[in-house]
Amino acid sequence: MAVRIEVTSQSLIVSLTGLDVVWALKRRLVINRADIVSVKMAPRKEVVSLLRLRLYGSFVPGLLCAGTFSVGKKAGLPPGSRAFMSIYRAKQVLQITTNSRPALIGLEAANPEAVVAALQG
């Protein structure tokens, strides 16, 4: 897992390194903080169950979920919403909902509680 999360006054910057870039087919994701609707810790299985179709990236059940996915109806997001995931085997992951694309972000971070506190504060 090589996900670096940086919270600035204006944005949330997610940088992937190493094999994460290969699995997710993306190196960097920048989200404006004004677009962030909610941020919380959630069980990995709950976050993965919101996904419907893998658009590009990698998915190995119970092991790896990385890349861009379409979101199912039970996520409560508008039709056509996308999700970006970089999740491996952690029990709890960071779940971020936004008003932009991707509408749902799931991340396995080294210190997710600190990221939640920084984004809520």
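Two strands pair if DSSP finds at least two bridges between them. Helices (H or I, at least four residues) and strands (E, at least two) are DSSP runs, numbered from the N terminus.

The model is predicted: local features need pLDDT of at least 70, side-chain atom pairs count only at pLDDT 80 or more, and totals for chains, interfaces and linings use all residues. Residues are numbered from 1 along each chain as its sequence is written, and side-chain values use heavy atoms, with hydrogens and water left out.

**Exercise 1. Place Tyr-56 in its strand and find its bridge partner in strand 6.**

Step 1. Tyr-56 sits in strand 5, residues 51-60.
Step 2. Strand 5 runs antiparallel to strand 6 (residues 64-71), and 7 bridges join the two.
Step 3. Across that pairing, Tyr-56 has Thr-68 as its bridge partner.
Step 4. Follow the chain from strand 5 to strand 6: the two form a hairpin with 3 residues between them. Gly-62 in the turn has a positive phi of about 80°.

**Exercise 2. Classify Tyr-56 and Ser-70 as buried, partly exposed or exposed.**

Step 1. Set the cut-offs: buried is under 20% relative accessible area, exposed is over 50%, and partly exposed is in between (1.4 Å probe, protein chains only).
Step 2. Tyr-56 has 38% relative accessibility, so it counts as partly exposed.
Step 3. Ser-70, in strand 6, is buried because its relative accessible area is 8%.
Step 4. List the contacts of Ser-70 (heavy atoms within 4.5 Å). Leaving aside neighbours within four places in sequence, these are Leu-51, Arg-52, Leu-53, Leu-55, Ser-81 and Arg-82.

**Exercise 3. Give the strand order of the open sheet formed by 6 strands, then locate its edges.**

Step 1. The order is 4-8-9-7-6-5, with mixed pairing.
Step 2. Strand 4 (36-43) and strand 5 are the edge strands; each pairs on one side only.
Step 3. From one strand to the next, the twist averages 15°. Axes here are lines fitted to C-alpha atoms, for helices over the stretch in contact, and angles run from 0 to 180 degrees between N-to-C directions.
Step 4. Add the helix: helix 3 (residues 112-120) packs on the sheet and touches strand 4 and strand 8. Its direction makes about 160° with that of strand 4.

**Exercise 4. Describe the surroundings of Ile-105.**

Step 1. Ile-105 belongs to strand 9. Strand 9 (residues 104-107) pairs with strand 8 (residues 92-98) in the antiparallel sense over 4 bridges.
Step 2. The bridge partner that Ile-105 has is Ile-96.
Step 3. Ile-105 is buried, because its relative accessible area is 0%.
Step 4. Ile-105 and Gln-95 lie 10 residues apart in sequence and 5.8 Å apart in space, C-alpha to C-alpha.
Step 5. Beyond neighbours within four places in sequence, the contacts of Ile-105 include Leu-29, Ile-31, Phe-84 and Met-85.

**Exercise 5. Trace the open sheet of 3 strands.**

Step 1. Its order is 1-2-3, with antiparallel pairing.
Step 2. The edges are strand 1 and strand 3 (28-32), each pairing on one side only.
Step 3. Neighbouring strands are turned by 10° against each other on average, direction ignored.
Step 4. Strand 1 (residues 3-7) and strand 2 (residues 11-16) are joined by 5 bridges. A hairpin through 3 residues links them.
Step 5. Strand 2 and strand 3 also pair over 5 bridges.
Step 6. Read across at Val-14: its bridge partners are Ile-5 and, in strand 3, Leu-29.

Key:
Contact = heavy atoms within 4.5 Å.
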